[in-house]
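The exercises below are meant to be worked through with the sequence and the 3D view at hand. Try each task before reading its solution.

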Amino acid sequence: MRILPSPQKSENISGSFCIDGNAMIFCDGEFVPQAERFADLVYESCGFFLHFTDVIENAQIIFSKDKALPDEGYVIMINRGVATVTSSTTSGCFYAVESLRQIFNLDVKQQRVLCADGYVEDSPRFAYRGFMLDISRHYFDLDVLKQLVDLMSQVKLNVLHLHLTDDQGFRLQIDKYPLLTEIASKREGSEVTVNGESYIDDVPHGGYLTKEQVRQLVEFAAMRNVTIVPEIDLPGHFVAALAAYPELSCTGNVAEVRKKWSASKDILCAGNDNVYQFVCDVLDEVCELFPSPYVHLGGEDVPKDRWCNCKLCRERMSQLKIDSIDELQTYMIETFRKHLESKGKTVIIRNDGVTKNTDTRIVSQLWTTVKHHRAARQTRIGRKIIISPRRKVNFNQSYRVASVKRILRLNPYHGVRNSDKDNVLGVEGAIWTQHVETKDQLFFQLLPRLDALAECAWGKRRKDFFLRLQKRLAYYDKLGLNYNRKFVRKQSGKADDAQQGDTL
Ligand SMILES: [Zn+2]
C-alpha cells in the first residue's frame, strides 16, 4: 500500500480486497462529487461503473464523515471486503480518493480493483504546500496551468503561486489600465546565451491571462483543493508595466518591456501619489479575481538607485521622517498591506524585502539561503514564514544542484524554536522561467522534483520514496509528459536496495 506523499500512518492487515462491477458505493451526501470522481477513475481503469446504494450494508466502498478528523485529513480502512473512507471536509475526501487511486493502481488498465487489506491515517504536515511558476519571463497558457494544478493536487500540494508580473512581461488583464495588456504583455526580443556569450534575439514574446481564463483556472483549482495565489511584484521588477505607464517611474523615462533577464534599475516611484492609486486599483481587480486569502507582493531584489536620486522620493522620506532608503520600501508595502487587509487579504513578501519595521502580519517567504538565525528571528517575533531556500527548491536549476535528495532532506523547521513551529506555514518550490520556454522544458525541470516537494510538504519523508514514485512515473508515461528519465534511471538501482527494508 505505497502512497506518495507518504501518509502519517499506515499498516497492513492480513487479507485482501477485491471488487468488480457488482460492487456498490455508499456515500455521505457532502462527498458525492469525490465518490463520483472515484467511480470515474475505476471506470477508466477497469471499464465498469460502480453503482451507488442508499443501504450501507450493501456497499463495498463507503464514504463517510467524521468531524473529529483534521481539515485535510482522512482515514481509509480496507478490511473484510469493505473499504471505508472517512474525512471531515471535501478536501480531506479529495485526498483520500487520490490515495485510493494509488492503492488500487487506477492509472493502469486492469480487470478489477484488487489490493491487500490495510489501514491509512493521514493529514498534512503543513497547511501551505506550494509551488510557484514564473509566467512573466516566459508565458505559459491556461492549458499548461490546468495540467500543473492537476499534477500538484494528485500529490496533495495545495497552492499554485503565479508570478504574474516582472520586468519582462505583465501577464494579467486589468480593465482599468488596458495598456498593461496592450503594451506590457509583449516584448520584442529576449536575452539568449550561447557558449557563454549573450545577445538579444528579435523574436517577439507575449501573452496574458484574461479575466475569464483566471476565473476558469480558479474554479478548476478549487475543485482540486488548490488555491491560486497571485503575485504582483513591486516596487522593483515592474518595468513591463512602467513601459506602458512611464509616468509611474522616478525618471518618467522607461522605453520598453525589458529583454535582458537581469533586474532593471527602474522601479515604481515611492514619492508619487499616483503610484499608490495605480497599485491599489490593480490590487482591487486582483482581489476580485482571486479568492485566495493571500496576495504576494514580491518585494525582492530592489535596486534603490532611482529613489536616491528622485526629488519626490526624497521629499516623501523627509515627510515621513524616514532616514533609511529601505524603510521607504517598508512604508510602501505597509500602505498596500493596509489596503489589502481591508479586503480580508494577508500579504506575503520575500524575505529580502523585510525590514525591522515590517508589520508582523506580513508573511515572509524565506527564499535566500535559509540561515538559522533568520528563520528563528522572524518566527520569534510572531511572523509567519514560508520556506523556499532557492538552492534546494528552485527547480529551474540543474538536478545536480537542486537535487531530489536535497529536497527530501529539507527541514523546514531548521532554526525554529519548538514554541514557534506554528509560525512555519509551509514549503514552496519554484520555477523561474528565464531559460524555460516550452512545456516540455517545464515538465522536465518539474518532474519528479514536484513529487519530492510534496513528500517534504505533506509527508514524513521515508526511505522508500523512489519505490513509491514508480506509479507516478507510469502515470507521467501514460500522459506522455517529459519528466527527467535520465535522473530516474540512475536512481533505479538505489530503489532496489531500498526495497529490502521497505515496509508499507
Ligand atoms: Zn521617485
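**Exercise 1.** Find the bridge partner of isoleucine 61 in strand 6, and then place both strands in their sheet.

*Solution.* The partner of isoleucine 61 in strand 6 is alanine 83, where strands are DSSP runs of E with at least two residues and helices are runs of H or I with at least four, numbered from the N terminus. Strand 4 (residues 61-65) and strand 6 (residues 82-87) run parallel and are joined by 5 bridges; two strands count as paired if DSSP finds at least two bridges between them. The open sheet has 7 strands in the order 1-7-5-6-4-2-3, with mixed pairing. Its edges are strand 1 (9-19) and strand 3 (51-52), each of which pairs on one side only.

This is a predicted model, in which local features need pLDDT of at least 70 and side-chain atom pairs count only at pLDDT 80 or more, while totals for chains, interfaces and linings use all residues. Residues are numbered from 1 along each chain as its sequence is written, and side-chain values use heavy atoms, leaving out hydrogens and water.

**Exercise 2.** Determine which residues of helix 9 are buried, and which are exposed.

*Solution.* In helix 9 (residues 311-320), Cys313, Arg316 and Met317 are buried, meaning under 20% relative accessible area, with exposed being over 50% and partly exposed in between (1.4 Å probe, protein chains only). Seen down the helix axis, these buried residues fall within an arc of 100° and so line one face of helix 9; the arc is that of the directions from the axis to the C-beta atoms. Lys311, Ser318 and Gln319 are exposed on the other side.
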